[in-house]
Amino acid sequence: MRRMTILILFLLVTLTWGTTWLAMRIAAETIPPVFATGMRFLFAAPLLMIIAWFRKTPLLFPSGQRLFQSGICIFYFAIPFSLMIYGEVYVSSGLAAIIFANMPVAVLVASVIFLNEKTNLIQVTGLTISIISLTSILLAEMKTGTETHWRGVMALVSAVIIHAIIYVQSKKRSCTVSVITFNALPCFLAGLILSVTGWFFEKPLISAFSIYSILATLYLGTFAGVFGILCYFTLQQRSSAFQASLVFLLFPIVAVSLENFIYGYTISTQSMLFIIHLLTGTSQSIFSRQELVGKKQQNCFYQLFDSLHNKP
């Protein structure tokens, strides 16, 4: 029964994360990026707050961490998620997912820089393979070299870097709060900020919003933003770090496959070969710490998330 539960959670998280990128692309077709991200958070926040109320989970961070909670609102939610959907205006959802699959590698690098995290040769080799492979994929997919395409890539890479830094800063500050506390109030405040900002600066024409874009934004807020988060952290609690790590290797494949099925777009054969190397390098970076379990050390990415969300 436990194995079946883990398998179901694993499949749900993989499918949720894999479909998120396609949903962002559909949302951005008729809704400006900043306003769409604000809508997404305003759809998600009430559900998170209701869950917090039922579980008697506080919305505020502990005293001394509340300024950091404001920082999470801006630098975890508002800016990176806007950059994600902005990036998808210019690049394919499959490529966006591939870029974001490097989050564990980015967290590893940030941990070395900010936490003096020790690494081993296998991790360094995996990191090098991942960076070279991702660069090769980007060069292969951006042969046109257009400024707009590279603008989208830089937006997505920036989102990955900002998220990685926030994760590591949370660990550095010993910010131990539940996943609901971490998401609910910052999500709501970011939704308000982005909706107002998008309304005044992007001047969205609501009558031009397609039903598909609205439904995609609703999906991002409710299903991916709430259900996906809860499934992921439940998976972490019930499985090993190794099993949960596999999500990062598989959700880009789901994203690429869906985009090919719906839009008929697929990445080049050359890029597919580089993806194999990319996943190999990422898996080395993630899994090599498993060898150190006997020394009571964990993979920095999951140690970090355990510290962030180690309360029910």
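Select helix α5 of this predicted model and colour the residues by burial: M103, P104, V105, A106, V107, L108, A110 and S111 are buried. The helix covers residues 103-115. With 13 residues at 1.5 Å a residue, α5 should span 18 Å, and its end C-alpha atoms lie 17 Å apart, so the expected and modelled lengths agree. Now move just past the end of α5 to N116, where phi is positive, at about 55 degrees.

Next, select helix α6, residues 121-141, and within α6 pick out S133. Is S133 buried or exposed? S133 has a relative accessibility of 4%, so this residue counts as buried. Show the side chain of S133 together with the backbone of I129: a polar atom of that side chain lies 2.7 Å from the backbone oxygen of I129. The two positions may be viewed with the general geometry of a helix in mind. An α-helix has 3.6 residues a turn, so residues three or four places apart point the same way. Then display what surrounds S133 from elsewhere in the sequence: leaving aside residues up to four places away, S133 touches F274, H277 and L278.

Turn now to the aromatic side chains. The chain holds 18 aromatic pairs. Begin with F35 and W199, whose ring centres are 6.1 Å apart; their planes meet at 45 degrees, so the pair is tilted. This pair joins distant parts of the chain, with F35 in helix α2 (residues 33-54), W199 in helix α8 (residues 179-201), and the two positions 164 residues apart. The two partners may also be compared by accessibility. F35 is buried at a relative accessible area of 10%, whereas W199, at 42%, counts as partly exposed.

Continue to Y232 and F233. How are the rings of Y232 and F233 arranged, with their planes at 65 degrees? The pair is edge-to-face, because the angle between the planes is over 60 degrees, and the ring centres lie 5.1 Å apart. Y232 is buried, with a relative accessible area of 3%, and F233 likewise counts as buried, at 11% relative accessibility.

For a wider view of the aromatic residues, select F41, F61, Y76, F77, F81, Y167 and F182 together; ring pairs link these residues into a cluster.

Two arginine side chains deserve a stop as well. Select R25 and Y263: the charged end of R25 sits over the ring of Y263, 3.8 Å from the ring centre. Then select R151 and Y90, where the charged end of R151 sits over the ring of Y90, at 5.7 Å from its centre.

Now zoom out to the whole chain. Its secondary structure consists of twelve helices and zero strands. Of the 312 residues, 52% are buried. Among contacts with a separation of 6 or more, 90% are made by residues 24 or more positions apart.

Finally, colour the chain by pLDDT. The average is 84, and 87% of the residues score at least 70. Select residues 290-312, over which pLDDT stays under 50. For this stretch the model has 58 contacts beyond four places in sequence. Where pLDDT is low, the predicted coordinates should not be read in detail.

Terms used. Residues numbered from 1 in each chain as written. Predicted model: local features only at pLDDT ≥ 70, side-chain atom pairs only at ≥ 80, totals over all residues. Heavy atoms only, no water. pLDDT = per-residue confidence, 0-100. Contact = heavy atoms within 4.5 Å. Helix = DSSP H or I, 4+ residues; strand = E, 2+ residues; numbered from the N terminus. Buried < 20%, exposed > 50% of the residue type's maximum accessible area, 1.4 Å probe, protein only. Polar contact = N/O pair within 3.5 Å; in protein donor to acceptor, adjacent residues only side chain to side chain. Expected span 1.5 Å × (residues − 1). Phe/Tyr/Trp six-rings, centres within 6.5 Å; stacked < 30°, edge-to-face > 60°. Lys NZ or Arg CZ within 6 Å of the ring centre and 35° of its normal.
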